[in-house]
Amino acid sequence: MLTGEPGILSTIGATPLVELVRLFPDSPIRVFAKLEGFNPAGSVKDRPALSMLEDRIRRGDLVPGESVVVESSSGNLGIGLAQVCRYHGLRFICVVDPRANKQNIDIMRALGAEVEMVTEPDRETGDYLPARVARVRELTLTVPGAYWPNQYGNALNALAHRTTMREIDEALPGGLDYLICSASSCGTLRGCADYIRAHRLPVKVVAVDALGSAIFDPCPPAVPRLLPGHGAATRPPLHTPGLADSVVHVGDLDCVIGCRRLAATEAILAGGSSGAVVSALDSLRHVIPAGSTCAIVLPDRGERYLSTIYNDAWVSENFGRIPRPHDLPADLPTDLSTDLETMEKTSCSS
């Protein structure tokens with residue numbers, strides 16, 4: 001937060017960490033959830049949205065009426081930046097693509113953002129992310145006073161999440177064994193991993209990525225994706241070798257199942273990336289040693305997914321069936337003695 005500043009931005013961070021006792025009631029591991037949806041703009045992206053702008057605002061490099069913040073986002077970072085820019089009277093242009101939820105776009109506009117829609121995917125990758133970034137570069141060169149925070153390569157994105165990991169660490173005096181979080185820009189993953197290694201914590205880091213994502217797979221399979229949030233068509237600059245001890249890839253249906261299971265058991269309405277993390281943990285919990293303490297990061301709330309993940313008609317149209325809350329991933333690991341350290345990749349795609 002900006003030092004000594006009152007107002008809504010002072011509430012970013014210090015989100016609750018709650019134990020989930022109903023999600024896997026018979027499991028011999030303990031699971032805690034970091035509820036990032038409690039941030040004022042509703043997601044984990046509030047942290048880097050403020051972190052990437054606060055120093056420039058304080059120094060006077062971003063000036064109301066002159067400066068224009070331009071960024072690419074699938075939704076949550078755009079909302080976080082819209083809130084920070086609105087509070088400080090800065091113009092904000094967000095470049096999105098057709099996978100962005102209409103509600104997210106409406107929220108950004110309600111906060112004063114200008115939204116540009118990229119309608120054609122990148123020719124080389126077939127994905128929208130490179131096309132969004134290309135449009136951001138164009139705007140940065142043509143709009144007077146434009147500034148691109150560049151969430152994909154900005155070290156302040158990752159730095160913001162050292163605080164996320166510090167909050168988890170300080171809330172668990174008994175220690176943490178596993179951290180499980182999703183990856184997109186790699187800001188959350190990188191910041192948490194950096195904190196863990198800087199403090200020499202004995203914590204295994206598990207990254208959750210989307211099927212078809214290039215973050216951890218240089219030659220990903222061509223998998224169409226319906227849900228935004230985690231995953232990326234190109235490896236972000238914030239990614240570093242050895243960032244995670246293991247990686248779990250999940251599909252869109254896994255996200256739906258995880259979200260609905262979380263709502264049915266814990267009464268937590270969370271977004272798509274949260275469902276991905278829940279399904280990833282479900283695929284690993286039988287190989288995690290009994291007595292272990294695990295923390296999962298739930299990036300956002302579920303209200304923005306009422307027309308997709310929580311809409312029976314949408315789910316039926318896209319997946320052919322309505323998953324039950326207690327559905328399990330189809331390829332749950334059968335070798336329960338497998339050491340998590342040796343699991344370079346585990347797929348829990350249904």
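In which loop is Q151 found? Select Q151 to begin, and you will see that this residue sits in the loop between β6 (146-147) and α5. Before going further, keep in mind that what you have open is a predicted model.

**The whole chain**

Zoom out for a moment to take in the protein chain, which has nine helices and eleven strands. Buried residues make up 58% of its 350 residues, and among the contacts with a separation of 6 or more, 72% are accounted for by residues 24 or more positions apart.

**Back to Q151**

Return to Q151, which counts as buried at 5% relative accessibility. If you display its surroundings and set aside residues up to four places away in sequence, you will find that Q151 touches K45, M52, E71, S72, S73, L77, N157, S185 and L238. Of these, L238 is worth selecting together with Q151, since the two are 87 residues apart in sequence while their C-alpha atoms are 8.8 Å apart in space.

**Helix α5**

Next, select residues 155-171, which form helix α5. At 1.5 Å a residue its 17 residues should span 24 Å, and the end C-alpha atoms are 25 Å apart, which agrees. Colour N157, A158, A160, H161, T164, M165, E167 and I168, which are the buried residues of α5. Seen down the axis of the helix, these buried residues fall within an arc of 150°, so they line one face of α5. As a general background to this view, an α-helix has 3.6 residues a turn, so residues three or four places apart point the same way. Turn to the other side of α5, where A155 and E170 are exposed.

What do the buried residues of α5 pack against? Show β1 (17-19), β2 (30-35), α1 (46-59), β7 (178-182), α6 (187-198) and β10 (293-298), because these are the elements that the buried residues of α5 pack against, with contact meaning heavy atoms within 4.5 Å.

**Helix α6**

From that list, select α6, whose twelve residues should span 16 Å at 1.5 Å a residue and whose end C-alpha atoms are 16 Å apart, which agrees. Within this helix, G187, T188, L189, G191, C192, A193, Y195 and I196 are buried, and the buried residues of α6 pack against α5, β7 and β8. Just after α6, pick out R200, which takes a positive phi of about 50°.

**An exposed loop residue**

Now move to P237, which is found in the loop between β8 (204-210) and β9 (246-250). Is P237 buried or exposed? At 60% relative accessibility, P237 counts as exposed. Leaving aside its neighbours within four places in sequence, P237 is in contact with Y152 and G153. Add C186 to the selection as well, for the C-alpha atoms of P237 and C186 are separated by 8.5 Å, although the two residues are 51 positions apart along the chain.

**Two pairs of helices**

Two packed helices are described by the angle between their axes and the distance between the axes. For one such pair, select helix α2 (residues 76-88) and helix α3 (residues 102-110), whose axes come within 9 Å and cross at roughly 10°. That makes α2 roughly parallel to α3. The contact is made by G78, I79 and A82 of α2 together with N104, I107 and M108 of α3, and by class it has four nonpolar, two polar and no charged residues.

For another pair, select helix α7 (residues 252-266) and helix α8 (residues 272-284), which pack at an angle of about 90° with their axes 7 Å apart. The two helices are therefore roughly perpendicular to each other. Where they meet, D254, C255, G258, C259, R261 and L262 come from α7, while G272, G275, A276, V278, S279 and D282 come from α8. By class, this contact has five nonpolar, four polar and three charged residues.

**Ending in helix α8**

Keep α8 selected, with its 13 residues reaching 19 Å from the first C-alpha to the last, close to the 18 Å expected at 1.5 Å a residue. Of its 13 residues, 13 are buried, so α8 is largely enclosed by the rest of the structure.

The last residue to pick is V278, found in helix α8 and buried, with a relative accessible area of 1%. Apart from its neighbours within four places in sequence, V278 is in contact with L23, F24, G258, L262 and I296. Finally, add L298, which lies 20 residues from V278 along the chain, with 8.7 Å separating their C-alpha atoms.

Key
Residues are numbered from 1 along each chain as its sequence is written. This is a predicted model: local features need pLDDT of at least 70, side-chain atom pairs count only at pLDDT 80 or more; totals for chains, interfaces and linings use all residues. Side-chain values use heavy atoms; hydrogens and water are left out. Axes are lines fitted to C-alpha atoms, for helices over the stretch in contact, and angles run from 0 to 180 degrees between N-to-C directions. Helices (H or I, at least four residues) and strands (E, at least two) are DSSP runs, numbered from the N terminus. Angles under 35 degrees count as roughly parallel, over 145 as roughly antiparallel, 65 to 115 as roughly perpendicular and the rest as oblique. Ala, Val, Leu, Ile, Met, Phe, Trp, Tyr, Cys and Pro count as nonpolar, Asp, Glu, Lys and Arg as charged, and the others, Gly among them, as polar. The expected span of a helix is 1.5 Å times one less than its number of residues. Buried means under 20% relative accessible area, exposed over 50%, partly exposed in between (1.4 Å probe, protein chains only). The arc is that of the directions from the helix axis to the C-beta atoms.
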